[in-house]
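The following exercises concern the secondary structure and backbone geometry of one protein model. Please work through each task before reading its solution.

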Amino acid sequence: MSRYIVTIETVKIKDFLFSTNKLRIIRGASYLLDYLNQIVVPKILKENGVEERDIIYIGAGNAKFFTDTEEQAKKIALEVKNAYSKQAPNSKVVISYTETEYRVDGDNSQNKRKIWEDIDKLAQNTAVEKSKGFSMSNIDFIGIEKCEICGTNPAQLSAQNLERDLENLDFNIKDGKVYIKIKDNDEYYFDVSRFREQIKDLTGTRGNGERRGLICEECLRKLIFSNMIKNIKSDNKNISFYGDMQEKFPKLDLKTEISDYENGKSFIGFMYSDGDGLGEFLKNISEEFKKSADNEKIEEEYLEFLKTFSKTLDRNTKEALAETIRDIFQENGEEKRFGEFLIVGGDDVCAVFNPELVLEVSEKFQRKFEDKMNEYISNTKAKNSKITSSSGVIIAKSKTPAFQLFEQALKLQKSAKAKRYECNNASKNLAQTGFIDFQVIGSEGCVDITEFRKKISKQDNLVMERPYAINIKNDLGVNNIEKLFSSIKKFKGVKFPKNKLRYIYELKRKSNEELEDFEKKMEFINILSKMKSEHRDLIREEYNIDYGYYDFEKYFNNIFDIVELYDYIGGEADED
């Protein structure tokens, strides 16, 4: 008798997380999704007769498992969707299933299809489900009060009538406390009065100073889970990266806002990192397993590999970030806050850091992640594959909306990933590492980065070399980001004036219509003549200039990279 293989995927996660710029709400949204994936979904599977041996993996917002019947698969799908809909309103989950001949602990030698074929079919079904999209309701009607946190959903609760509104949403209230069941014999509760004040603080005031505290159910539940992070009992702490961090770093302080990570000029650092090469690796692995299709146990080995791989990927991501934070904050004496971890799991990392640390965090995390994955892959059937990580880093004003920070970081991450594939196409043996792209944004969080770069950096007159490689050993016309960091630290080490670097940058990017090449050379000679000898020597060393200046446009290809990061690498810059 045929069985079914089922997959659950949480999609449009970023839309759910960044519905508001309030860091506390974003943090709660992340924890809420982890809770649903790690606690609620396993509970539903267990209640529906899915045994531990039937589960391929659960983690990073996804789950894959076997059911005995189609009715069982449909029932689980309905219960999971209802759970997400009730506990995380407006979150999106896609569930699909397909028939399989594979049986756990059974004789699969006579099966017409192998399990990897069924999983490929399942992926196709999932893609179809995703393509259907999600229904949306028009709630822009006159007289409809909007949530004062997200500004999108209709307000369903008021701080003034909080107990009544919570009861209307079927919350359990007793003696001024709201009780929420987390797990069997595990309850979380909070005081209504304290929660009312939090809502008022987050919603702010109107022009007349009134604080009504109008909030939607979605933001309410995110706020509840933001509070729960510090109060979950020990057996449930590790359902999110915050649980790991609280164990490793007792000084971790969750009473934070985005402004807590800004520097003296109100800038923050925002990073988004995603894995590279996972699809290719899994494809290569599948091909290797297919070569041993006559092995009676090969399908069991393939499923065991999938389970181990998903756990290893998630563990390596979290361990690489935790080790990076430990190394960096030990070096800095823990003077700056650790960071705000918005997405950490699977192969994704999205976090907020102090702007003077964010690039170093990203680079070290990517390097550690690559090392860990290389070690893991060396013991698999696809030894020649590579799984790396590419990252986009934004340094922007702390008042920039969180969704814009993410959108800009995502664009840069895609730029970094594209550079990796460009190297991969040049030679399969050269794409050994991920890349990092970055941008400092002054006042406009929605600036078009691509158009901005086209204007200032031409192919025949480069002023920046982004994206940078993390750890490339071959000459592909790209440099390691560590080399850029080293150059900036050298300039700061000799107290090279930033205004001189800016002058060189402005001179370099001037078009031939503005200045002929020989005029640029004369201007540059004039700058050099006014420099200290150690500054001239550093210029010669860094750019291999023989002072013939025959091809001025070929020098200083990274000058804008240095100028833009001068305040954010190696400590504060000397303004003199």
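The conventions come first, followed by four exercises with solutions.

**Conventions.** The model is predicted, so local features need pLDDT of at least 70 and side-chain atom pairs count only at pLDDT 80 or more, while totals for chains, interfaces and linings use all residues. Residues are numbered from 1 along each chain as its sequence is written, and side-chain values use heavy atoms, with hydrogens and water left out. Helices (H or I, at least four residues) and strands (E, at least two) are DSSP runs, numbered from the N terminus.

**Exercise 1.** Determine in which order the four strands of the open sheet are arranged, and which helices pack on the sheet.

*Solution.*
Step 1. Two strands pair if DSSP finds at least two bridges between them. The order in the open sheet is β2-β3-β1-β4, with antiparallel pairing.
Step 2. β2 (55-59) and β4 (92-100) are the edge strands, each pairing on one side only.
Step 3. From one strand to the next, the twist averages 20 degrees.
Step 4. Strand β1 (residues 3-11) runs antiparallel to β4 and is joined to it by nine bridges; Ile 8 has Ile 95 in β4 as its bridge partner.
Step 5. Helix α2 (residues 23-47) packs on the sheet, where it touches β1, β2 and β3 (62-67), and its direction makes about 150 degrees with that of β2. Helix α4 (residues 115-131) also packs on the sheet, touching β1, β3 and β4, and its direction makes about 145 degrees with that of β4. Contact means heavy atoms within 4.5 Å; axes are lines fitted to C-alpha atoms, for helices over the stretch in contact, and angles run from 0 to 180 degrees between N-to-C directions.

**Exercise 2.** State how many residues of strand β10 are buried, and identify the pairing of this strand with β13 and β12.

*Solution.*
Step 1. Buried means under 20% relative accessible area, exposed over 50%, and partly exposed in between (1.4 Å probe, protein chains only). In β10 (residues 267-276), ten of ten residues are buried.
Step 2. With strand β13 (residues 388-397), β10 pairs in the antiparallel sense over ten bridges; Gly 269 stands opposite Ile 395 there.
Step 3. With strand β12 (residues 348-353), β10 forms an antiparallel pairing over five bridges, and Tyr 272 has Cys 350 as its bridge partner.

**Exercise 3.** Check the span of helix α16, and explain where its buried residues lie around the axis.

*Solution.*
Step 1. The expected span of a helix is 1.5 Å times one less than its number of residues. For the 13 residues of α16 (residues 517-529) this gives 18 Å, which agrees with the 19 Å between the end C-alpha atoms.
Step 2. The buried residues of α16 are Asp 517, Lys 520, Lys 521, Phe 524, Ile 527 and Leu 528. They cover an arc of only 120 degrees (taken from the directions from the helix axis to the C-beta atoms), and therefore lie on the same side of α16.
Step 3. An α-helix has 3.6 residues a turn, so residues three or four places apart point the same way.
Step 4. Phe 518, Met 522 and Ser 529 are exposed on the other side of α16. The cover of the buried residues includes α15 (498-509) and α17 (533-543).

**Exercise 4.** Locate the cis peptide bond, and describe the positive phi angles of Asp 175 and Ser 266.

*Solution.*
Step 1. Arg 466 and Pro 467 are joined by a cis peptide bond with omega of about -5 degrees. Pro 467 lies in the loop between α13 (449-456) and β15 (468-469).
Step 2. Asp 175, although not a glycine, has a positive phi of about 55 degrees. Asp 175 is in the loop between β6 (172-174) and β7 (177-183) and is exposed, at a relative accessible area of 69%.
Step 3. Ser 266, not a glycine either, has a positive phi of about 65 degrees. Ser 266 is in the loop between α8 (241-248) and β10 and is partly exposed, at 29% relative accessible area.
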